[in-house]
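This briefing is for a reader who wants the domain layout and the ligand site in one place. Please look over the sequence and the model before reading on.

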Amino acid sequence: MAMDDTRVRDQLIEAFVNAEGPISGEELSHRFGLSRTAIWKHIKSLEPLGFVIEASPRVGYRAVHIPDELMAPLVRPHLPPDCLLGSPILWEASRASTNDTALELAQKGLPHGAVITAGEQTGGRGRRDRAWASPRGGMWFSVFVRNPCPLRHAPDLTLLAALAVCRALRHEGVPVEIKWPNDLLIRGRKTGGILAQIRAEGELVDHAVIGIGLNANFPIDLLPAEIRHRATTILHETGRPIHRPKVLARVLTELDRLYRDLRDGRGFQVVYDEWIALCSTVGQEVEVAVGDERLRGKAREVLPDGSLVLETSPGVTRTVVSGEVLFSDREQV
Ligand code: BTN
């Protein structure tokens, strides 16, 4: 779809969201400077996206069903006006990977705060080069930030993103927890993950793409069979769907505050107690990949700098900086 079509689409959706009653074809044609036939075609193109638009002769168009896709006109009404994240929000029904799109657009001047979203991903990527199943109904998005922090604080980008997601989901009553450093679990099963990719110039992070995936409103059988025993979806766990645009707005609002603090030199340490209270890793047997090495042991403690203390054998501990995991893949946090 050409850029202009996308803009008309989003403005049309916005008009339907704000309308208190039917809007006539004539009024829309006047507002958009397009023929009534062109308006009709644009309205028709909303149907495959899940919109149900009722057309009554001589009265006009009315949206009788608006889907909960992560589209700008559906997310923006839930964002506070001073939020620096969420402008623009670029949605497509299908993308290979929202992180890939963000990295591509980063070279073309994508502004700080842009969010790339998708109805589904056909090449979703997880950490350590794993595929990430991304069917329709999930939340697949990447937040783009410029100059977020010094390189030594790069691990904070994901630690804080996990906290933002937890806050947003808990606000909706979803009992989500964090598995160090940035997996999201419900009752011990993975329901979300974060893949951050950074570009650094010397000691500074020039820009970062924080990719967040949440298994939200789809049945568990859409997940690959081989991960179904350890992964889950919010719908499966709670029995009810979440309103995805509202949840995205809440994640962005929380993340905006946390990243502003990070820029001002107040990162993970400031939210340490809250983060620890949400983290279910301590006391568990875990396996951590550090470079080519796989460390197994009991997670003893997460330190105020975000690193994990692992007891690899009785009385022997190793401290794993999430940055070590981070840079083992060069650019993946
Ligand atoms: C993990 O392995 O736990 C991280 C998963 C990250 C998935 C998200 S979905 C949106 C963004 N686009 C991608 O291709 N990956 C991330």
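The notes below cover a predicted model, grouped into domains, the interface of two of them, and the ligand.

The chain has a domain 1 (3-65), a domain 2 (72-278) and a domain 3 (285-328). Domain 1 and domain 2 bury about 610 Å² between them, and the protein buries 99% of the area that the ligand exposes when taken alone.

**Domain arrangement**

- Residues 3-65 form domain 1, residues 72-278 form domain 2, and residues 285-328 form domain 3.
- The centres of domain 1 and domain 2, taken over C-alpha atoms, lie 31 Å apart.
- Six residues from domain 1 and five residues from domain 2 make up the contact.

**Interface of domain 1 and domain 2**

- Of the roughly 610 Å² buried between domain 1 and domain 2, 65% is on carbon and sulfur atoms.
- On the domain 1 side, the most area is lost to domain 2 by Arg9, Asp10 and Leu49, which together account for 52% of what that side buries.
- There are zero salt bridges between the two domains, and one residue pair is in polar contact across the interface.
- The domain 1 residues that touch domain 2 comprise three nonpolar, no polar and three charged residues.

**Ligand surroundings**

- The ligand is surrounded by 19 residues, and the closest are Ser97, Gln121, Arg125, Arg127 and Lys190.
- From the side chain of serine 97, an N or O atom is 2.8 Å from an oxygen atom of the ligand.
- For glutamine 121, a side-chain N or O atom is 2.9 Å from a nitrogen atom of the ligand.
- In lysine 190, a side-chain N or O atom is 2.6 Å from an oxygen atom of the ligand.
- Taken alone, the ligand exposes 420 Å², and 99% of that is buried by the protein.

Notes:
Residues are numbered from 1 along each chain as its sequence is written. This is a predicted model: local features need pLDDT of at least 70, side-chain atom pairs count only at pLDDT 80 or more; totals for chains, interfaces and linings use all residues. Side-chain values use heavy atoms; hydrogens and water are left out. Domain bounds come from an automatic or database domain assignment. Contact means heavy atoms within 4.5 Å. Buried area is the accessible area (1.4 Å probe) that two parts lose on being put together, summed over both. A salt bridge is a side-chain nitrogen of Lys or Arg within 4 Å of a carboxyl oxygen of Asp or Glu. A polar contact is a pair of N or O atoms within 3.5 Å; within protein, one must be able to donate a hydrogen and the other to accept it, and residues adjacent in sequence count only if both atoms are side-chain atoms. Ala, Val, Leu, Ile, Met, Phe, Trp, Tyr, Cys and Pro count as nonpolar, Asp, Glu, Lys and Arg as charged, and the others, Gly among them, as polar. A residue is near a molecule or strand if one of its heavy atoms lies within 4 Å of it. Accessible areas come from the Shrake-Rupley method with a 1.4 Å probe; for residues, only the protein chains shown count as cover.
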